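Here are a few exercises for getting to know a new protein model. Keep the structure open while you work, and try each task before reading its solution.

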Amino acid sequence: MASLTVPNHCVPTLLRTHSLNYPSSQNLPLPSAPSNSQFFGLKLSHSSFSTIPSSSSSLKGSIFAKVTKGSKPPNFTLKDQNGKNVSLSNFKGKPVVVYFYPADETPGCTKQACAFRDSYEKFKKAGAVVVGISGDDAASHKAFASKYKLPFTLLSDEGNKVRKEWGVPGDFFGSLPGRETYVLDKNGVVQLVYSNQFQPEKHIGETLKYFRVFETF
């Protein structure tokens, strides 16, 4: 009987056996972004998102007890856009809207700030104070507030100390500062916590819902 010999190059590659080298699950690289790009509040550099932190990230232990509904958040004293010290305790006896945002002059943060501006009279009618907090310095806040005619206070949390003390969660493995809004009642007790990184303008609507329980705008 004649034998048939099939050349090796005719065998489908899927039937051949290869040893696959899989990359390590640690420190997987992510695409870098142009140094001048901005993404919903994050000013990216070539080093941003270079690796995915492992579970033993240096962020471990850097976040304090999270502020939740029904709790009283820790007091703070920060500089406003005019360089003056402002404490949370200054607003005792008034409802306070405290919103943490990633950075001045970024698309999402600008939309959010302008939405708070456009609804500011509604907050005033409810007797509420609006306070925005980010890691930008006072000079940056002053320019931001002036450019967009923001009528409320912006506080400089350089080093993100207050953000950490309140336990504001970050996004993208902590590389993007979280966007979170808190409503405190007249007694300083948190009545609402709202977090939404990618729909910044929704923070205003959700916050106003709380005040509509007591008054119709």
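**Exercise 1. Two aromatic rings**

Are Tyr210 and Phe211 buried or exposed? Then find out how their rings sit relative to each other.

*Solution.* Keep in mind that this is a predicted model. Start with the accessibility: Tyr210 is buried, and Phe211 is buried too. Next, count the aromatic pairs in the model, and you get 15. Tyr210 and Phe211 make one such pair, with ring centres 5.0 Å apart and 75° between the planes. Planes over 60 degrees apart count as edge-to-face, so that's the label for this pair. Finally, zoom out: Tyr210 and Phe211 belong to one aromatic cluster, whose members also include Tyr99, Phe116 and Tyr148.

**Exercise 2. A partner on either side**

Which residues stand opposite Ser156 of β7? Work out how the strands around Ser156 run.

*Solution.* Take one neighbour at a time. Lys79 stands opposite Ser156. Lys79 falls within strand β3 (residues 77-80), which runs antiparallel to β7 (residues 153-156) and is joined to it by two bridges. In that pairing, Asp80 has Leu155 as its bridge partner.

Now the other neighbour: Ser134 also stands opposite Ser156. Here the strand is β6 (residues 129-134), held to β7 by four bridges and running parallel. To get from β6 to β7, the chain passes through helix α3 (residues 138-148), making a right-handed β-α-β crossover.

**Exercise 3. Follow the hairpin**

Which residue in the turn between β3 and β4 has a positive phi?

*Solution.* First check the pairing: β3 and β4 (residues 85-87) run antiparallel, with three bridges between them. Thr77, for example, has Ser87 as its bridge partner in β4. The two strands form a hairpin with four residues between them, and the residue you're after is Gly83, with a phi of about 80°.

**Exercise 4. Inside and outside**

Is Leu184 buried or exposed, and how does Phe198 count?

*Solution.* Leu184 sits in strand β8 (residues 180-184). Its relative accessible area is 2%, and buried means under 20%, so Leu184 is buried. The C-alpha atom of Leu184 is 5.1 Å from that of Val96, though the two residues are 88 apart along the chain.

Phe198 lies in the loop between β9 (190-195) and α5 (202-212). Because its relative accessibility is 39%, Phe198 counts as partly exposed. Together with Phe172 and Phe173, Phe198 makes a nonpolar surface patch of about 310 Å².

Methods
Residues are numbered from 1 along each chain as its sequence is written. This is a predicted model: local features need pLDDT of at least 70, side-chain atom pairs count only at pLDDT 80 or more; totals for chains, interfaces and linings use all residues. Side-chain values use heavy atoms; hydrogens and water are left out. Patches are made of residues with over 30% relative accessible area and no salt bridge: like charges are joined within 9 Å, nonpolar side chains (Val, Leu, Ile, Met, Phe, Trp, Tyr) within 5 Å. Accessible areas come from the Shrake-Rupley method with a 1.4 Å probe; for residues, only the protein chains shown count as cover. A salt bridge is a side-chain nitrogen of Lys or Arg within 4 Å of a carboxyl oxygen of Asp or Glu. Buried means under 20% relative accessible area, exposed over 50%, partly exposed in between (1.4 Å probe, protein chains only). Rings of Phe, Tyr and Trp (its six-membered ring) pair if their centres lie within 6.5 Å; planes under 30 degrees apart count as stacked, over 60 as edge-to-face and the rest as tilted. Two strands pair if DSSP finds at least two bridges between them. A crossover is right-handed if, with the strands pointing away from the viewer, the path from the first strand over the helix to the second runs clockwise.
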